Each structure stands twice: as structure tokens, then as C-alpha cells.
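Here is a protein chain to go through in questions and answers. Each reply sets a value against a cut-off and then concludes.

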Amino acid sequence: MQCILLKDFRSFFMVYQEVFCRWLSKTGNQLDDRPILDIYRNIGDDGYMEIDICLPLK
């Protein structure tokens, strides 16, 4: 999956929508029962964020 740089917290919701509504169905991947892990790499004072979203796949 590609790296997505977020400019604010509103974008965070949009990224999750894209992953769960489009990416999973297009790729045929399925989530397993482990938790999803978000790794916050950089959070700027201006709301800029770099986050790794780690999805446990079957």
C-alpha cells in the first residue's frame, strides 16, 4: 500500500473510508481478528501527519 501524507485530522477519516470501502474490496484481501495498528511517524503543529496504517490480513 502506498504512503499517504495527511494534512489534518479530517483527512484521517477519508483515508480509512478509502481503505475499508474501496481498497479491501478491490484487492480481495480480508482482515483477520487482530487489531489494526496506527503508527504516528510525524505530527506537526500545523496538523500535518505521517501515519502508517497497519492492517492484519488473512
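Q: Why is F20 called partly exposed?
A: This is a predicted model, and in it F20 has a relative accessible area of 32%. Buried means under 20% and exposed means over 50%. The value for F20 lies in between, so F20 is partly exposed.

Q: Why does Y16 count as buried?
A: Y16 has 16% relative accessibility. The cut-off for buried is under 20%. Y16 therefore counts as buried.

Q: What makes Y16 and F20 an aromatic pair, and why is the pair called stacked?
A: The rule counts one aromatic pair. That pair is Y16 and F20, at 5.8 Å centre to centre with 10° between the planes. Ring centres must lie within 6.5 Å, and planes under 30 degrees apart count as stacked. Both values pass, so Y16 and F20 are a stacked pair.

Q: Where do Y16 and F20 lie?
A: Both are in helix α1, residues 9–27. They are four residues apart, about one turn of the helix.

Q: What makes E18 and R22 a salt bridge?
A: Their side chains meet at 3.5 Å, N to O. The limit is 4 Å between a side-chain nitrogen of Lys or Arg and a carboxyl oxygen of Asp or Glu. The distance is within that limit, so E18 and R22 form a salt bridge. Both residues lie in helix α1, four residues apart, about one turn of the helix.

Q: How do you know whether E18 and R22 are buried, partly exposed or exposed?
A: E18 has a relative accessible area of 36%. R22 has 47% relative accessibility. Partly exposed is the range between under 20% and over 50%. E18 is therefore partly exposed, and R22 counts as partly exposed too.

Q: How many salt bridges does the rule count?
A: The count comes to three. Among them is D32 with R34, at 2.7 Å, N to O. R41 with D52 is another, at 2.7 Å, N to O.

Q: Why does the pair R41 and D52 tie together separate parts of the chain?
A: R41 lies in strand β2 and D52 in strand β3. The two parts are eleven residues apart in sequence, so the salt bridge ties them together.

Q: What are the exposure classes of R41 and D52, and why?
A: R41 has a relative accessible area of 54%. Exposed means over 50%, so R41 is exposed. D52 has 27%. That is neither under 20% nor over 50%, so D52 is partly exposed.

Q: How do you know that β2 and β3 pair?
A: Six bridges join β2 to β3. At least two bridges are needed for two strands to pair. Six meets that cut-off, so β2 and β3 pair. They run antiparallel. D38 stands opposite I53 in β3.

Q: Which residue takes a positive phi in the hairpin of β2 and β3?
A: G47 does, with phi near 95°. The hairpin has five residues between the strands.

Q: Why is L37 called partly exposed?
A: L37 has 48% relative accessibility. Exposed starts over 50%, so L37 counts as partly exposed. L37 lies in strand β2, residues 37–43.

Q: What is L37 in contact with, leaving aside neighbours within four places in sequence?
A: D52, I53 and C54.

Q: What makes P56 buried?
A: P56 has a relative accessible area of 8%. Buried means under 20%, so P56 is buried. P56 lies in the segment after β3. Leaving aside neighbours within four places in sequence, P56 is in contact with Q30, L31, D32, R34, P35 and I36.

Q: How far apart are P56 and L37?
A: They are 19 residues apart in sequence and 8.4 Å apart in space, C-alpha to C-alpha.

Q: What elements does the chain hold, and in what order do they run?
A: There are one helix and three strands. From the N terminus on, they run β-α-β-β.

Q: What is the predictor's confidence in the chain?
A: The mean pLDDT is 80, and 84% of the residues reach 70 or more. Among the elements, strand β1 has the lowest mean pLDDT, 58, and β2 the highest, 85.

Terms used. Residues are numbered from 1 along each chain as its sequence is written. Side-chain values use heavy atoms; hydrogens and water are left out. Buried means under 20% relative accessible area, exposed over 50%, partly exposed in between (1.4 Å probe, protein chains only). Contact means heavy atoms within 4.5 Å. Rings of Phe, Tyr and Trp (its six-membered ring) pair if their centres lie within 6.5 Å; planes under 30 degrees apart count as stacked, over 60 as edge-to-face and the rest as tilted. pLDDT is the predictor's confidence in each residue, from 0 to 100.
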